[in-house]
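Visitor: I'd love a close look at one part of this protein, namely the places where charged side chains pair up or gather. Could you walk me through that slowly, as I'm new to this?

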Amino acid sequence: LIAQHYPLVRGVAFRRVGDWDVSEDLAQETLLAAHANLDQLRDSAAFPAWLCRIARNLSANWIRSEQYRRELAKRYKAERGTHAATSSDAAADLAQREQVHALLEKLPPKLREAVVIFYLEEQTAPEAARILGIPENTFYNRVHRARRQLQELVEQDLRIVLPDLCDQA
């Protein structure tokens, strides 16, 4: 069960907190909490949804915690610091992933959830809607709004980085 549901639980946590390392910690906490409270599960068919609810609750608690504020301050300082760039493909891939994660972090949690579960976890829309406990049309709406916001964010970044080219267009 752990191997089967760990990626789902980690994805739920990431969608809430926007940090892969923290989401792994929260996924482990979720599975420990589920194990400790397994006797409270009434319907075994609801196990995945029950795990997701635990992950959402633990993620919400983490966001409210003092640790979250410290992590934000540390991330802000790291982003303002200089990044040593290398020409290797691994470094370029890492930079690209960091850019994607930075963009995802700018999305509201509900929109980020929809994008991550659909594109990064490669769930079908009906399955993603079921996991999130929302109607399928609502899920499609969130994905559409997230794509639109991501496009706007990328365009804003381009205007900052390439102001002369944007003015000519």
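**Charges, paired and unpaired**

Guide: Let's start with aspartate 25, which sits in helix H2, residues 20–36. Keep in mind that this is a predicted model. Aspartate 25 counts as partly exposed because its relative accessibility is 46%, and the cut-offs here are under 20% for buried and over 50% for exposed. Aspartate 25 also has company: together with Asp21, Glu24 and Glu29, it gathers in a patch of negative charge on the surface.

Now for the charges that do find a partner. Side chains of opposite charge can pair when their charged atoms come close. How many salt bridges does a search of the whole structure find? The search turns up three.

Take glutamate 113 and arginine 16 to begin with. Their side chains meet in a salt bridge, at 3.0 Å from N to O. This pair links distant parts of the chain: glutamate 113 is in helix H6 (residues 109–120) and arginine 16 is in helix H1, 97 residues apart. The two ends of the bridge have their own surroundings, too. Glutamate 113 has a relative accessible area of 3%, so it is buried. Arginine 16 has a relative accessible area of 24%, so it is partly exposed.

Glutamate 113 has another partner to show you. The side chains of arginine 56 and glutamate 113 also meet in a salt bridge, this time at 3.9 Å from N to O. Arginine 56 lies in helix H3 (residues 47–64) and glutamate 113 in helix H6, so this pair ties together parts that are 57 residues apart in sequence. Both of these residues, arginine 56 and glutamate 113, are buried.

Next, follow the chain along to helix H7. Here the side chains of arginine 130 and glutamate 127 meet in a salt bridge, at 2.5 Å from N to O. Since they are three residues apart in helix H7 (residues 125–132), about one helical turn separates them. Arginine 130 counts as partly exposed because its relative accessibility is 44%, and glutamate 127 counts as partly exposed too, at 26%. Going back to the bridges that share partners, these join Arg16, Arg56 and Glu113 into one network.

While you're looking at helix H1, have a peek at histidine 5. Helix H1 covers residues 2–17, and histidine 5 has its place there. Is histidine 5 buried or exposed? It counts as buried, because its relative accessibility is 9%. And what does histidine 5 touch, leaving aside its neighbours within four places in sequence? The answer is Phe47, Pro48 and Leu51.

Finally, step back and take in the whole chain. It has nine helices and zero strands, so don't go hunting for strands, as the elements run α-α-α-α-α-α-α-α-α from the N terminus on. Buried residues make up 33% of the 169 residues in the chain. Among contacts between residues at least 6 apart in sequence, 59% join residues at least 24 apart. As for the outside, the accessible surface comes to about 11,100 Å², and 53% of that belongs to carbon and sulfur atoms.

Notes
Residues are numbered from 1 along each chain as its sequence is written. This is a predicted model: local features need pLDDT of at least 70, side-chain atom pairs count only at pLDDT 80 or more; totals for chains, interfaces and linings use all residues. Side-chain values use heavy atoms; hydrogens and water are left out. Patches are made of residues with over 30% relative accessible area and no salt bridge: like charges are joined within 9 Å, nonpolar side chains (Val, Leu, Ile, Met, Phe, Trp, Tyr) within 5 Å. Accessible areas come from the Shrake-Rupley method with a 1.4 Å probe; for residues, only the protein chains shown count as cover. A salt bridge is a side-chain nitrogen of Lys or Arg within 4 Å of a carboxyl oxygen of Asp or Glu. Lys and Arg count as positive and Asp and Glu as negative; His and the chain ends are not counted. The place of a charge is taken as NZ of Lys, CZ of Arg, CG of Asp or CD of Glu. Helices (H or I, at least four residues) and strands (E, at least two) are DSSP runs, numbered from the N terminus. Buried means under 20% relative accessible area, exposed over 50%, partly exposed in between (1.4 Å probe, protein chains only). Contact means heavy atoms within 4.5 Å.
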